[in-house]
Amino acid sequence: MSESVYKKVNYVLDVMDDSFSSYIVGQCFEAIILGSLCTIGMLILGMPYAPMIGAVMSFTALIPVAGSFIGAGVGTFMILTVSPTKALGFLIFIIVLQQLEGNIVYPKVVGSSLGLPPIWVLAAITVGGGVMGILGMLIAVPIASTIYKLIKADVKKYEMQKQTKRASQ
């Protein structure tokens, strides 16, 4: 392939690499935040096994879509062995925590790690999930980030060329 095509392909691949690695780091950071919030909330509410369930929630949060439900199920079962009423309270707490995390924390954390506005993160997850299911949800955000960065760079380049043209006239 020609030198110019090689440079363009290499640039796109570099942007994709950056987007995917930033996405993975953001996912891990978000999982730590979720586990910490779960542990702190459970300690405040006086629920048993708070550190252990928080760690389970943090670990399972790395699994897209179903991970939180798996963690909530394990946590509920553990608390159910101690107190059925506390298990019900835990489920209510987890539902509230998941709403907070899914609508506020996740788009902010993952979006900022990618340089992608939170609304684009939500849109990418929605479209990716609708088109390709769970796999789509996994890859839609870094792909949207790649497209966003490429378009942003092209617009910036176009603006620079436009300013240079005006200055030379």
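## Where to begin: buried or not

A residue is called buried when its relative accessible area is under 20%, exposed when it is over 50%, and partly exposed in between. Cysteine 38 has 0% relative accessibility, so it counts as buried. Please keep in mind as you look around that this is a predicted model.

The mean pLDDT of the chain is 89, and 99% of its residues reach 70 or more. Among the elements of the chain, the highest mean pLDDT, 94, belongs to helix α2 (residues 50-60), and the lowest, 87, to helix α4 (residues 84-114).

## The overall layout

If you trace the chain from its start, you will meet the pattern α-α-α-α-α. The secondary structure comes to five helices and zero strands.

How does the radius of gyration of the chain stand beside that of a compact globule of 169 residues? The chain has 21 Å, whereas such a globule would have a value near 15 Å. Along its principal axes, the C-alpha trace spans about 75 × 35 × 25 Å. Buried residues make up 34% of the 169 residues in the chain. Of the contacts with a separation of 6 or more, 61% are between residues 24 or more positions apart.

## Two nonpolar cores

Which residues have the most contacts inside the largest nonpolar core? They are Cys38, Met42, Ile53, Ile79, Phe90, Phe93 and Ile94, in a core of 17 residues. Helices α1 (3-45), α2, α3 and α4 each supply at least two residues of this core. The largest share, five residues, comes from α4.

Apart from this core lies another one, of 11 residues, among them Tyr106, Val110, Val141 and Ala144.

Methionine 42 is a good place to look at the contacts in detail. Leaving aside neighbours within four places in sequence, methionine 42 is in contact with Met47, Pro48, Tyr49, Ala50, Ile53, Ile79, Phe90 and Phe93. Of these partners, Ile53, Ile79, Phe90 and Phe93 are also on the list of residues with the most contacts inside the largest core.

## Around the loop between α1 and α2

Tyrosine 49, one of the contacts of methionine 42, is found in the loop between α1 and α2. The phi of tyrosine 49 is near 60°, a positive value in a residue other than glycine. Because its relative accessibility is 38%, tyrosine 49 counts as partly exposed.

Threonine 39 is found in helix α1. With a relative accessible area of 16%, threonine 39 falls under the 20% limit and is therefore buried. Beyond its neighbours within four places in sequence, threonine 39 is in contact with Ala50, Pro51 and Gly54. Ala50 also appears among the contacts of methionine 42.

## Serine 68 in helix α3

Serine 68 has its place in helix α3 (residues 67-80). Is this serine buried or exposed? Serine 68 has a relative accessible area of 15%, so it is buried. Setting aside neighbours within four places in sequence, serine 68 is in contact with Leu34, Met57, Thr60 and Gln98.

## The cysteines

How many disulfides does a search of the whole structure find? The search finds zero. Cysteine 28 is in no disulfide, and the nearest cysteine sulfur, that of cysteine 38, is 18 Å away. A disulfide needs the two sulfur atoms within 2.5 Å, which means that a separation of 18 Å does not qualify.

The surroundings of the two cysteines can be set side by side. Cysteine 28 is partly exposed, at 36% relative accessibility, whereas cysteine 38 is buried, at 0%.

## An aromatic pair and a residue in α5

The count of aromatic pairs comes to one. Tryptophan 120 and tyrosine 148 form this pair, which is edge-to-face, with 5.0 Å centre to centre and 65° between the planes. Both rings belong to partly exposed residues: tryptophan 120 has a relative accessible area of 36%, and tyrosine 148 is at 22%.

Isoleucine 147 has its place in helix α5 (residues 118-168). At 42% relative accessibility, isoleucine 147 counts as partly exposed. From C-alpha to C-alpha, isoleucine 147 and lysine 7 are 17 Å apart in space, while 140 residues separate them in sequence.

Technical notes:
Residues numbered from 1 in each chain as written. Predicted model: local features only at pLDDT ≥ 70, side-chain atom pairs only at ≥ 80, totals over all residues. Heavy atoms only, no water. Helix = DSSP H or I, 4+ residues; strand = E, 2+ residues; numbered from the N terminus. Buried < 20%, exposed > 50% of the residue type's maximum accessible area, 1.4 Å probe, protein only. Contact = heavy atoms within 4.5 Å. pLDDT = per-residue confidence, 0-100. Core = buried A, V, L, I, M, F, W, Y, C linked by side-chain atoms within 4.5 Å. Phe/Tyr/Trp six-rings, centres within 6.5 Å; stacked < 30°, edge-to-face > 60°. Rg over C-alpha atoms; globule rule 2.2 N^0.38 Å.
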